[in-house]
Amino acid sequence: MLKQPNTKYRSFPKVQLADRTWPDRVITQAPIWMSTDLRDGNQALFEPMTAERKMRLFKKLVDIGIKEIEVAFPSASQTEFDFVRTLIDGGHVPADVTIEVLTQAREHLIRRTMASLYGARRAIVHVYNATARPFREIVFGMSPDQVIAMAVSSVKLVRELAEAHPKTEWVLEYSPEAFTGTELEFARDICDAVVEAWGATPERKVILNLPATVEMATPNVYADQIEWMHRNLSRRDDIVLSVHPHNDRGSAIAAAELALMAGAERVEGCLFGNGERTGNVDLVTLALNLYTQGVDPGLDFSNINDIARTVEDCIRLPIHPRHPYVGDLVFTAFSGSHQDAIKKGLAHQRPDAFWEVPYLPIDPADLGRSYDAIIRVNSQSGKGGIAYLLESAYGLSLPRRLQVEFSSVVQRHADATGAEIMPDELWRMFSEEYLEPATTIRYLEHHLFEHGAAQGMRLMLETNGRRITLMGEGNGPIDAVVHALGGMVRVQSYEERSMGQGSDARAAAFVEIAIDDIPGIRYGAGIHANIVTASVLAIVGALNRILNRIEPEAREAVVAMLEKSVRQVA
Ligand code: KIV
Ligand code: ZN
C-alpha cells in the first residue's frame, strides 16, 4: 500500500496565467523537427551505438525528412568526436540538413565541441546548464547570478570561436536544463541574457529550448510555462522557441502538443520515444497525430515497418507491440464486434473521401501496413487462435508479426469457405504460403565454407529454367546469403526456433526481408534438420513471396540483377 503521499510529495504550483490563450488554439502547421536520437537517445542505451549503427540511423533520419539532427556529444568521448568529423569530412550531410551537437557550458568542453564542427556548412551548437533551484543549490552550490554568468560567458566563447571560423553558418541553441523545475522569472532572465550575449537578430535567431528534463506536472502546466515564456521573453522576434519533453509521467506527447498551441515552434525528440528513463517525446507519434488531423508533418513514414526494424536494430531495444501507429498489434482486431465494424467501414470507405473507418484512426496503408483481423479459428483456439493451434498440433511457434501476417491468409480462406478451420487445414495453408510459395527463384543447394574470419556461401538457384551459382561472404551464413544475392535484399528480422526434440528435432527459421526499391516487407519460413538450410530456404521463400506480388517487369528486373551477380563472380 502507498502511504501518506501528501507528506512526501507536493503538487506542482500552478503558473499564474489567468488569461492563457493556448486552450483555444489549434495546431495548423508542423513544427521544426529536431531528432536527438543520436545524442539523448544514444546516451540512454545500455551500450551506445557503434559508429556504423549511428551512421545507419543518421541516414534513416535523413530519409524520413528530418532537417535538424543532434548527432553527438563530442566532448564526451573520442568516438562521439570522431563521428562528427566523419559526417563532415566524409560529406555525409545533405545540403538541406543541419547537424547539431551538445555541450555543457564549460570552457574546455566548448573548445573541444567547436573543434569537432570546423568545416561544417552549417551547425547548431547546443549549450546547456542547469537552472532549477535544487541543481543550483545542491549540485553546483552556485547563486542565480553565477548560473547566469556561466551561461553568458559560454555563449560569448562560442561566439568568439564561431567568428574565427566564418565559413560555417553558426546557430546557437541554449537550454536551461530542468526548465520545468525552474522559477519562470529566472528562466526568462537567463534566456534574455543569452540572447543578448549572442547578438541575436530576426535574421540570426537563437534557438531557446525549454526542456521538460523531468516531466513534473500535467501537460497543461507545461503549456502555461511555455506560453508565459513566449509572452515574457524580451526579444521574442530573435528567438526560435523549442521544446524538449521527456515522458516521466507518460504525457510527453500531450505536453508537446499543448506546448505547440502555447507558442513553441520546434520540437526535439526521438523516434518511437527512445531516450533517458521513460524516453524523449516520440517524434513519430507526434507527427502522425498531426497527419491524422489533416496537417502535413513533412516527414515520410510511408514504410513505417522498415523504419521500426532499422531503429530496433540500431538501438537494440524492441518497440512495444501496442506502440501507437507502429506496434505489431495496433492494426489487428481480435474482437468480433470490432472486426465487423471495421469490415463494414472499409467496404464503405471511398478513396477520395475523408477517412472514417471505425476503430482505425489512420489508414494502415498510409504507413505501408495492412489491417488484420485475428480470427479465432475454433472454440478450443480461443486463447491463442491460429498460433495456438499450429503450436499445439505441429510444435511450430510463429513470431508475433508473422502470426499477424498469416492471419489475413486464414481470414481470406475462412471468409471464402465459412467453415471451421482444423489444424491440418491450417498447416496446409501455412505450407502453401510460406514453405512452398510459387517460385520465381528455386533453391537447389548451397555450400558453406570458411574463408579466413568470414563465412563463404556458394548458392545454387534456378531462375527461368536456368541454373545459376552465386557466391557471397559475410560475418555469418545469413550475411553470406545476402551478399550472394547481390546485396539487394535487406534482412529486417531473423528468428529461429526448434520443432520437436532429440534426434528428430528440426529447425524452423523465420526471416523478414525487404528488397531495395520495392515497397513492403515479407516473411519467409524454412524448416529443415539443418539450421543453415532452414535459414536459406526462409530467405529464398521471402524473396519469392515479394516477387509474387509485383509486376512481371519488376520481377524480371530482380532476376536480371541476380544473374548479373553471377557474371561478377565468374
Ligand atoms: O532533457 C534535457 O534537459 C536535455 C538537455 C541537455 C536539453 O537533454
Ligand atoms: Zn533530454
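**Exercises on ligand 1, salt bridges and a domain interface**

A polar side-chain atom of aspartate 40 lies 3.1 Å from an oxygen atom of ligand 1. The model is predicted: local features need pLDDT of at least 70 and side-chain atom pairs pLDDT 80 or more, while totals for chains, interfaces and linings use all residues. Residues are numbered from 1 along each chain as its sequence is written, chains are lettered from A and ligands numbered from 1 in the order in which they are written, and side-chain values use heavy atoms, without hydrogens and water.

**Exercise 1.** Name the residues around ligand 1, then give the distances from its oxygen atoms to arginine 39 and threonine 213.

*Solution.*
- Step 1. With a residue counted as near if one of its heavy atoms lies within 4 Å, the list is Arg39, Asp40, Leu102, His126, Tyr128, Ser175, Glu177, Asn209, Pro211, Thr213, His244 and His246.
- Step 2. For arginine 39, a side-chain N or O atom is 3.0 Å from an oxygen atom of ligand 1.
- Step 3. For threonine 213, the corresponding distance is 2.5 Å.

**Exercise 2.** State how many salt bridges the rule counts, and find which parts arginine 56 and aspartate 313 tie together.

*Solution.*
- Step 1. Side chains of opposite charge can pair when their charged atoms come close.
- Step 2. The rule asks for a side-chain nitrogen of Lys or Arg within 4 Å of a carboxyl oxygen of Asp or Glu; the count is 40 salt bridges.
- Step 3. One of them joins arginine 56 to aspartate 313, with the closest N and O atoms 3.2 Å apart.
- Step 4. Arginine 56 is in helix 3 (residues 51–64) and aspartate 313 in helix 12 (residues 304–315), so the pair ties together parts 257 residues apart in sequence. Helices here are DSSP runs (H or I, at least four residues), numbered from the N terminus.

**Exercise 3.** Describe the interface of domain 3 and domain 4.

*Solution.*
- Step 1. The domain assignment, automatic or from a database, places domain 3 at 383–435 and domain 4 at 441–565.
- Step 2. The contact (heavy atoms within 4.5 Å) takes 14 residues from domain 3 and 15 residues from domain 4.
- Step 3. The two domains bury about 1200 Å² between them, 58% of it on carbon and sulfur atoms. This is the accessible area (1.4 Å probe) lost on putting the parts together, summed over both.
- Step 4. Three salt bridges cross the interface. Glutamate 433 forms a salt bridge with arginine 545, where the closest N and O atoms are 2.8 Å apart.
- Step 5. On the side of domain 3 that touches domain 4, helix 16 gives the most, with five residues.

Terms used. Helices (H or I, at least four residues) and strands (E, at least two) are DSSP runs, numbered from the N terminus. A polar contact is a pair of N or O atoms within 3.5 Å; within protein, one must be able to donate a hydrogen and the other to accept it, and residues adjacent in sequence count only if both atoms are side-chain atoms.
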